[in-house]
Amino acid sequence: MPEHTPLRAAIVGTGAIANAHAEAIAATADAELVAVVDRDPELARAFAERWSVPSTAASLDALLADGGIDVLHVCTPPGVHAEQAIAALDAGVHVVCEKPAALSLDQLDAMTDAATRNDRRLAVVFQQRTGSAAAHVRGLLDSGALGRPLVATCQTLWFRDPAYFEVPWRGKWATEGGGPTLGLGIHQIDLLAWLLGDWASVQGQLWRLDRETQMEDVSTAVVSFAGGAVASVITSALSPRETSSIRIDTELATVTVDHLYGHGHEHWRITPAPHVDPATAAGWALPEVEEASGHGPLVRDIYTALQSGAPLPSTASDAVRSFEIVTAIYSSAASGALVTPATLRDDVDRRRSLESPISDLRRG
């Protein structure tokens with residue numbers, strides 16, 4: 001049992017992803033799920049019964065006015081993330097927000113500004129950063145044990161049928177923000193950036209090959225990183241054999257992770273270059289104690305930081321980095337130019353909205 005009182009958590013939005021949050025909160029000693037709110041009261045009551053939540057609120061405003069929570073988990077569609085997160089932060093409540101955190105870079109900046117002025121924490125859920133294998137590989141890369149990263153590939157090849165885009169808020173710039181680059185690929189892009197660090201440039205293209213949507217259903221990009229590595233990035237919503245994969249070739253090894261929605265040790269492989277001494281390569285082995293990626297370890301580590309007043313863990317901080325890379329893909333597609341961190345901030349239109357021209361190659 002914890003020596004301190006658990007932080008009181010609430011969830012807004014009771015869609016499928018909210019169950020992952022409820023399960024993670026239930027497994028976290030520093031947290032207690034005390035309330036839930038949904039625009040559909042029946043869904044809120046059913047969710048509360050399923051997870052033994054003692055209270056449902058009539059609205060988010062009512063929940064925040066009551067003052068009975070410490071942390072709000074935002075599990076609603078992305079079109080309302082910024083509004084809800086800022087309201088909670090201004091009410092003195094920490095926020096754990098599902099990805100994508102916002103519809104635009106300006107919205108995300110407003111969210112981080114609200115966290116700063118209220119001395120609260122804004123954690124964005126990128127659970128694929130978690131897990132003992134990812135932490136181990138990041139340590140090897142940061143220490144230089146694998147030599148300098150040189151070239152990488154990042155693939156999010158998922159399948160979303162036409163019905164997926166028929167959900168009212170999907171497939172529209174105004175309510176979804178962006179296509180699969182933002183909604184799907186950002187997970188692998190975020191993991192790649194978490195492993196390789198700050199980005200230096202992006203050149204990207206957006207394609208509409210098959211689906212009825214305002215946005216892209218495929219994107220391609222070349223991303224360079226400040227450390228000198230260059231990555232090829234592709235995101236697709238059209239790929240029947242689904243996979244999520246990252247490959248990083250360094251001076252001394254190839255690191256790969258091939259999975260779909262989450263990874264454990266069996267999904268990672270470190271292959272030494274031919275000239276590497278076997279004894280050296282043996283020192284790169286994954287740790288004996290395994291923890292898979294997921295909401296569980298992420299929520300646990302977030303609450304540990306909130307309880308102690310420490311900064312958020314690296315698995316939950318720096319959400320702007322991957323959002324900038326995604327925005328830069330849209331910005332480059334709009335301008336046809338190479339985008340850097342400096343020039344991205346000059347693209348006022350893309351900072352306000354990711355809406356960009358799409359190369360439409362659909363037949364008929």
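Biologist: How much area does the protein chain expose, and what share of it do carbon and sulfur atoms supply?

Modeller: The protein chain exposes about 15600 Å², and carbon and sulfur atoms supply 52% of that. Those areas come from the Shrake-Rupley method with a 1.4 Å probe; for residues, only the protein chains shown count as cover. Bear in mind this is a predicted model: local features need pLDDT of at least 70, side-chain atom pairs count only at pLDDT 80 or more, and totals for chains, interfaces and linings use all residues. Residues are numbered from 1 along each chain as its sequence is written, and side-chain values use heavy atoms, with hydrogens and water left out.

Biologist: OK, and what percentage of the residues is buried?

Modeller: Buried residues are 54% of the 364 in the protein chain. Buried means under 20% relative accessible area, exposed is over 50%, and partly exposed is in between (1.4 Å probe, protein chains only).

Biologist: Switching to rings, how many aromatic pairs turn up in the whole structure?

Modeller: Three aromatic pairs. Rings of Phe, Tyr and Trp (its six-membered ring) pair if their centres lie within 6.5 Å; planes under 30 degrees apart are stacked, over 60 edge-to-face, and the rest tilted.

Biologist: Which kind is the pair of Trp158 and Tyr261, and why?

Modeller: Edge-to-face, because the ring centres of Trp158 and Tyr261 are 4.8 Å apart and their planes sit at 85°.

Biologist: Are those two buried or partly exposed?

Modeller: Trp158 is buried at 5% relative accessible area, while Tyr261 is partly exposed at 42%.

Biologist: What about Tyr164 and Phe165?

Modeller: Tyr164 and Phe165 make an edge-to-face pair, 5.2 Å centre to centre with 85° between the planes. Phe165 is buried, at 9%.
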